[in-house]
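User: I'd like to go through this model and ask how each label was earned. Can you set the values against the cut-offs as we go?

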Amino acid sequence: MADVTPAPAPDLEAAPPARRAPLTAALLAPVRWMPETARKRVGLALLIAGAVLFPFIVRNAGDIDAAANALAFAILALGLNIVVGFAGLLDLGYAAFFAIGAYIYGMVASTQITPNWADVWQPLQWLGLVSRAHVEGAPDVVHLHFSFWLMLPGAALVAALFGILFGAPTLRLRGDYLAIVTLGFGEIIPIVVRNTPDWTNGPMGLNGVISPQLFGLRFGVTSTPYYYLAALLVALLMFVSYRLKESRIGRAWMAIREDEIAAGAMGINRTRLKLMAFATGAGFAGATGTFYVAKLGTATPDMFQFPVSVMVLVMIVLGGMGSVPGVVLGALTLQLLQSWFLQDLTQWVHALGRLVGSGALQQVELVQTIELIFGIILVLMMLYRREGLIPASRTTASLTLTEQAAMPTRGGIGASLSKIQDVQLPAGTPMLEVRGLTKRFGGITAVKELGLTILPRTVVGLIGPNGSGKTTFFNLVTGLDSPDGGRVFLMGEDVTGLPSHAIVERGIARTFQTLRLFANLTVLENVLVGMHARTRATAVGAVLRPPSVRAEETASREWAMEVLAIFGNRLLPRVNHLASSLSYANRRRLEIARAVASRPRLLLLDEPTAGMNPAETMELAEQIRSLNRMGLTVLLIEHKLNVVNTISDKVAVLDYGEKIAEGTAEEVHRNEDVIRAYLGRTTATRV
Amino acid sequence: MTLLDIVLQQVINGLSLGAMYSLLALGFTMVYGIIELINFAHFNIFMVGSFIAMFALQFLGLHGQSRLLIGWPLVGALSLGFASTMLATGCLGVVIERVALRPMRNVKGTAAMITTIGVSYILFNIVLLTAGAGAQNYPNPLPQISWHIGGAVLRLREVLLWSVSLVLMAVLHIFVQRTKMGKAMRATAQDQEAARMMGIEVDQIVMLTFFIGSALAGAAGLIFGLYYNNTSFLIGYTAGLRAFTAAVLGGIGNIVGAMMGGLIIGLIEALGGQFLQVRWTDVIIFSILIAVLALRPTGLLGLSTPKKS
């Protein structure tokens, strides 16, 4: 312990330098003197300069062409990364959207489809998208030559629609089933293409697809313009990916990836966000398809088979799922491996073969082993480096010694939260009213004809032996389970059977008995996800970041810090740590903070003090009480009766799904039924 | 041929294909039942099995169209062929489980499934690079015996194929339902943790499951070769996906369901190919797969699956 250096004073503005992997650290060593932001800018400038100058340095048309193709695959990888890396939806049929994009453009920019001329085509002719062709001895026909620049977003849009179409049946499925359904769609698309030769020329493929034209110059078959276009698209879509990732939308996707049920319970409309992920990913692929077919001038169904989907998957696995620079690196590495390295290596092996006079060595074709290499990469990455070359989750700065040694401070007591306000309900309207709630699981009635009324600004304790239906009751109120009978009213409004995200919007937030944090998101991100129902930024807004979105994001972060401050210095120094790195008690606190962040009227806490020591328990009890004083109504399940007795205005007791007692803590403790439920029948009779 | 004859003939063909799909589906369903993993490597274990079987038969002196062996020697050679193939693919399955999948056992999410895709790719490409891309002629040692039922023809190879599948499935059923190991297997499928606490060696059970599933895939590979008289590196993917559909149809994790599902898919393929167009068969089968998964993930047959949380 001789080399302990004095810790610098904690500085909230500039976080202490992050711990890095040895490789990154070694690479960064020569430029350590530069500040981090400057280093990033210089790096970015060098990257852009390199990309711009590349065709002038290389000059070999074949190499530029290979680079353009590699960049096209980088776009595919970026798109699949949104679906798989961000939202955690394993899509094994991604090539289908690539095919759709390619064929959409291919069909409207070639002579494959030539309907007879009719006047309905006239407006399109004025727009310059079609022309009227005379055929000797036959009626005039239409030549389609839609503009590439129009179809690039157009095909993306069509592919996105297909993304929604294919995504819709998979929404309720678990990860592995979803993979299979997407694989099924991935199989169906090439078969349909092959079997509809009138539209697609079948297995022969589309031919004579028109190349793009810019300022009167046609791209033709020269590679350089395609290279620049692809580089531009990669840059654009990397920007889009970054913006999405660091937004309300991206956080919601990652929350779904980490824990779908908790995501719903935090106000995320899972259906909409999953479809949005599918659509965005498909859109990227659609645009790539258009680019690719325009560049090649041809498209055949074989170009879009399962191996393409697997290749893109290998790219993002290699680069790092969820990591934007990672997946681009992965795509470029694999493509260049295929088109440069393996070819060169083959030449060397052949040369070696000639040298040693081995005929076998001269026959080796290493390029054919590329798929074998893909397989090996997949297995090795999964076994030894699942996070990929450039991991998505940042390494977090460790706490300074001062922070580690700091005494826990009790925050939140007596303070107020700016966005939690007292509700003014009409006199006599309860905060929550439950009537005749019933839930059966097979032959077991978990909750039976339960009625409960919770008045505003009270704390109600819900107790009962294990298995008495308390958590099921929570699930019914928060929409995770649908009741078989009975109704739930929140502030007089019937909320029975609403999906969980809608219930959060109306003002009920909850925590879970078995912690359900988003493990690979930071503490701050977890709380920000809790605000999903209270924020409005759309995907477009997240990308463009107009002032309104910027303001909302700033306000969200301020509010999140305010909520985290409830727990004093327990969570505040750890805002950038992953939730999975927290201690058990801090995870419980974070769950409460995440729930409070959604600005609820009614807070449902499921055994909030489980796993805490007596001092921590009483600290939390006081904090719950103070949240209640700020205007929150609280319903809590708790086994520690001292907590229940201290903070509850009313206690309700469940046994076998039925309410057996209700009243103040003292009344309940004297109740014979309660004693029997807790201590057993024989004991009770003896008492 | 009358319509009835055509239907009968396609039913005969469909049952043959179905028997093969059933054997293959069993591997998917058993592995899924035990460790909830969709094993893409299974596709190509089947394909590798058909190659191993081809070499085994050739080693036993059964080449091309030669029908040197007849009677009991032929039965013996075929039995030996089945046994050695099943042993080899069974061991292949165990090696894959041990090397690539066991370290993934407790990893959340789809990592293990992605690994099986990688393994499948490796097997596929090893065969492609060593055996070449062309279809290989398969030994065809069976005597040309056939029976006429109306206008339909029932050949000896179909009878053989049905009986082999039937015997294998019966043995499996008895093993799973009546033996101690079978009981341990069912217990592990229900609740791995509880099974472990009851003293069941879960690792051994998983290994055994992979062995049995892969051995059945090997048998299916041999059947494929005998039925179509050729094999190639490509067969794993198509047949594998159809067999997987069969497993899903029967309720994945459900052994009897997989057998039924296999027969249904075989019949759909044969009858669909006859009365619709062959080129749309796959679209029909995948549509069934998607529809079942989306609408009724517990399987069309409505048989109960092991309860999973």
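Analyst: Here are the questions one by one, starting with the contact between the chains; keep in mind that this is a predicted model.

User: What makes up the contact between chain A and chain B?

Analyst: Chain A puts in 30 residues and chain B puts in 28 residues. On the chain A side, the elements giving two or more residues are helix 7 (175–195), helix 13 (306–319) and helix 16 (370–384). Helix 7 of chain A has the largest share, with twelve residues. By class, that side of chain A has 19 nonpolar, seven polar and four charged residues.

User: Why are helix 7 of chain A and helix 11 of chain B called roughly antiparallel?

Analyst: Look at the crossing angle: the axes of helix 7 of chain A and helix 11 (residues 281–295) of chain B cross at roughly 155 degrees, coming within 9 Å. Angles over 145 degrees count as roughly antiparallel, so this pair of helices gets that name. The crossing is left-handed.

User: Which residues make the contact of helix 7 of chain A with helix 11 of chain B?

Analyst: From helix 7 of chain A you have Y177(A), I180(A), V181(A), G184(A), E187(A), I188(A), I191(A) and V192(A). Helix 11 of chain B answers with D282(B), V283(B), F286(B), L289(B), I290(B), L293(B) and A294(B). Sorted by class, that contact has twelve nonpolar, one polar and two charged residues. Gly counts as polar, and G184(A) is on the contact list.

User: Why are helix 22 of chain A and helix 23 of chain A called oblique?

Analyst: The axes of helix 22 (residues 547–564) and helix 23 (residues 584–597) of chain A cross at roughly 135 degrees and come within 9 Å. To count as roughly antiparallel an angle has to be over 145 degrees, and roughly perpendicular covers 65 to 115. The value of roughly 135 degrees fits neither, so the pair is oblique. The crossing of these two helices is right-handed.

User: What makes up the contact of helix 22 of chain A with helix 23 of chain A?

Analyst: Helix 22 of chain A brings W559(A), A560(A), V563(A) and L564(A), and helix 23 of chain A brings A593(A), V596(A) and A597(A). By class that gives seven nonpolar, no polar and no charged residues.

User: How do you know that domain 1 and domain 3 of chain A touch?

Analyst: Count the residues in contact: 22 residues of domain 1 meet 27 residues of domain 3. The cut-off for a contact is C-beta atoms within 7 Å. The C-alpha centres of the two domains are 44 Å apart. The domain assignment gives domain 1 as 49–109 + 146–384 and domain 3 as 432–686, with domain 2 at 112–145. On the domain 1 side, two or more residues each come from helix 9 (223–245), helix 10 (248–258), helix 11 (260–265) and helix 12 (270–296) of chain A. Helix 10 gives the largest share, seven residues. That side divides into twelve nonpolar, five polar and five charged residues.

User: What makes strand 6 and strand 9 of chain A edge strands?

Analyst: Each of them pairs on one side only. The open sheet has four strands in the order 6-5-8-9, with antiparallel pairing. Strand 6 (444–454) sits at one end of that order and strand 9 (493–494) at the other.

User: How do you know that strand 5 and strand 6 of chain A pair?

Analyst: A pair needs at least two bridges, and strand 5 (residues 432–441) and strand 6 have seven, in the antiparallel sense. Within strand 6, L450(A) is the bridge partner of L437(A). Helix 18 (residues 470–477) of chain A packs on this sheet, touching strand 5, strand 6 and strand 8 (485–490), and its direction makes about 65 degrees with that of strand 6.

User: How many bridges join strand 2 and strand 3 of chain B?

Analyst: Strand 2 (residues 146–149) and strand 3 (residues 152–155) of chain B have four bridges, in the antiparallel sense. With at least two needed, they count as a pair. The bridge partner of I149(B) is A152(B), and that of S146(B) is R155(B). The two strands form a hairpin with two residues between them, and G150(B) in the turn has a positive phi of about 60 degrees.

Note on methods. Residues numbered from 1 in each chain as written. Chains lettered and ligands numbered in written order. Predicted model: local features only at pLDDT ≥ 70, side-chain atom pairs only at ≥ 80, totals over all residues. Contact = placed C-beta atoms within 7 Å. Axes fitted to C-alpha atoms, helices over the stretch in contact; angles between N-to-C directions. Parallel < 35°, antiparallel > 145°, perpendicular 65-115°, else oblique. Left-handed = near helix turned anticlockwise from the far one by under 90°. Domains from an automatic or database assignment.
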